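Work through the exercises below with the coordinates open. Each task is followed by its solution.

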Amino acid sequence: MITYIKLVLTAIIWGGTFVAGRIVVQTMEPFTAAFFRFAVASIYLLILTQKIERRLPKLKRNQIFTVILLGLTGVFSYNAFFFLGLQTVTASRAALIVALNPTFIALGAALFFREKFNGLKLLGIITSLTGAAVVISKGQVINIFKGSISWGEFFVFGCVLSWVAYTLIGKSVMKSLSPLAATTYACIIGAIALLIPALFEGIVQNFMQFPPSAWLGILYLGVLGSAIGFSWYYEGVAAIGAAKASIFINLVPVSAIAFAALLLQEPITVSLVLGGVLVVVGVFFTNKS
């Protein structure tokens with residue numbers, strides 16, 4: 001019972017990350033925000049790893065390259081796209097686009113790992129992509145073919161591609177590293193990589209100018225959204241399996257839309273609801289198969 005409660009809370013927390021991210025980028029540059037998020041997450045995860053696994057295992061030579069790739073895909077590029085996208089895309093729409101992650105992961109697994117690909121999975125992919133098209137176009141799907149998608153949407157789609165790469169690379173990394181150790185290394189490497197562009201944004205000069213709301217958002221993203229969220233999710237995977245645990249991710253866009261409406265006064269439109277239902281149903285079919 002505790003496992004299921006933690007998975008539900010994780011989905012709710014992850015929904016809130018879109019609202020927190022939207023708040024943070026109003027006063028903080030994207031790479032600066034991403035660096036602070038994962039600097040906080042890295043510190044927390046190091047403490048957690050020490051507590052649970054006694055120490056962070058030393059990497060073997062053949063693990064170094066793939067772990068670096070984990071940090072560059074799941075942390076560096078994902079969060080660069082995440083904060084760049086949230087500068088112009090509403091939290092609710094961004095959450096529904098990112099909800100395509102399981103769909104593209106299933107497609108990538110079939111292409112690169114030759115995992116089974118049946119009719120139900122294909123139906124799920126088509127349904128979720130249709131839902132995403134409705135959300136992005138605000139109900140005017142034909143506009144997508146006229147090139148009316150903004151850079152913000154492209155950046156959010158970059159989150160999806162980054163997470164697919166992170167997940168598929170993680171399949172090989174986690175054969176020899178625990179999920180907690182792999183996530184900790186990815187966060188540390190990603191944070192180091194994010195610091196470089198953050199310095200060019202003026203992270204040092206602007207440090208004292210960020211308002212309390214931005215720092216609260218960073219703490220939420222770093223501690224709750226990253227460290228605790230990942231930890232509880234992996235606990236769920238260990239307890240009930242990846243297939244059952246992943247179903248709870250369908251709650252993320254629902255909680256994101258609710259938080260965005262309550263805290264940011266973002267409107268809940270017909271196209272948002274219809275597209276959201278199609279995305280969630282499509283992801284369900286993909287996972288169920």
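Three short exercises follow, all on a predicted model.

**Exercise 1.** Locate threonine 10, classify it as buried or exposed, and list which residues it touches beyond four places in sequence.

Solution.
- Step 1: Find the element. Threonine 10 lies in helix α1, which covers residues 2-24.
- Step 2: Check the accessibility. Threonine 10 has a relative accessibility of 1%. Buried means under 20%, so threonine 10 is buried.
- Step 3: Collect the contacts. With residues up to four places away left out, threonine 10 touches Gly229, Trp232 and Tyr233.

**Exercise 2.** Which residues form the nonpolar surface patch, and which element supplies its largest share? Then classify isoleucine 12.

Solution.
- Step 1: List the members. The patch consists of Met1, Ile5, Val8, Leu9, Ile12 and Leu251.
- Step 2: Read the area. Together these residues have about 520 Å² of accessible area.
- Step 3: Assign the share. Helix α1 provides four residues, the largest share of the patch.
- Step 4: Take one member. Isoleucine 12 sits in helix α1. Its relative accessibility is 34%. Partly exposed covers the range between 20% and 50%, so isoleucine 12 is partly exposed.

**Exercise 3.** Place glycine 170, classify it, and find what distance separates its C-alpha atom from that of threonine 49.

Solution.
- Step 1: Find the element. Glycine 170 belongs to helix α7, residues 151-173.
- Step 2: Apply the cut-off of 20%. Glycine 170 is buried because its relative accessibility is 6%.
- Step 3: Take the distance. The C-alpha atoms of glycine 170 and threonine 49 are 18 Å apart. Along the chain, the two residues are 121 residues apart.

Terms used: Residues are numbered from 1 along each chain as its sequence is written. This is a predicted model: local features need pLDDT of at least 70, side-chain atom pairs count only at pLDDT 80 or more; totals for chains, interfaces and linings use all residues. Side-chain values use heavy atoms; hydrogens and water are left out. Helices (H or I, at least four residues) and strands (E, at least two) are DSSP runs, numbered from the N terminus. Buried means under 20% relative accessible area, exposed over 50%, partly exposed in between (1.4 Å probe, protein chains only). Contact means heavy atoms within 4.5 Å. Patches are made of residues with over 30% relative accessible area and no salt bridge: like charges are joined within 9 Å, nonpolar side chains (Val, Leu, Ile, Met, Phe, Trp, Tyr) within 5 Å. Accessible areas come from the Shrake-Rupley method with a 1.4 Å probe; for residues, only the protein chains shown count as cover. A salt bridge is a side-chain nitrogen of Lys or Arg within 4 Å of a carboxyl oxygen of Asp or Glu.
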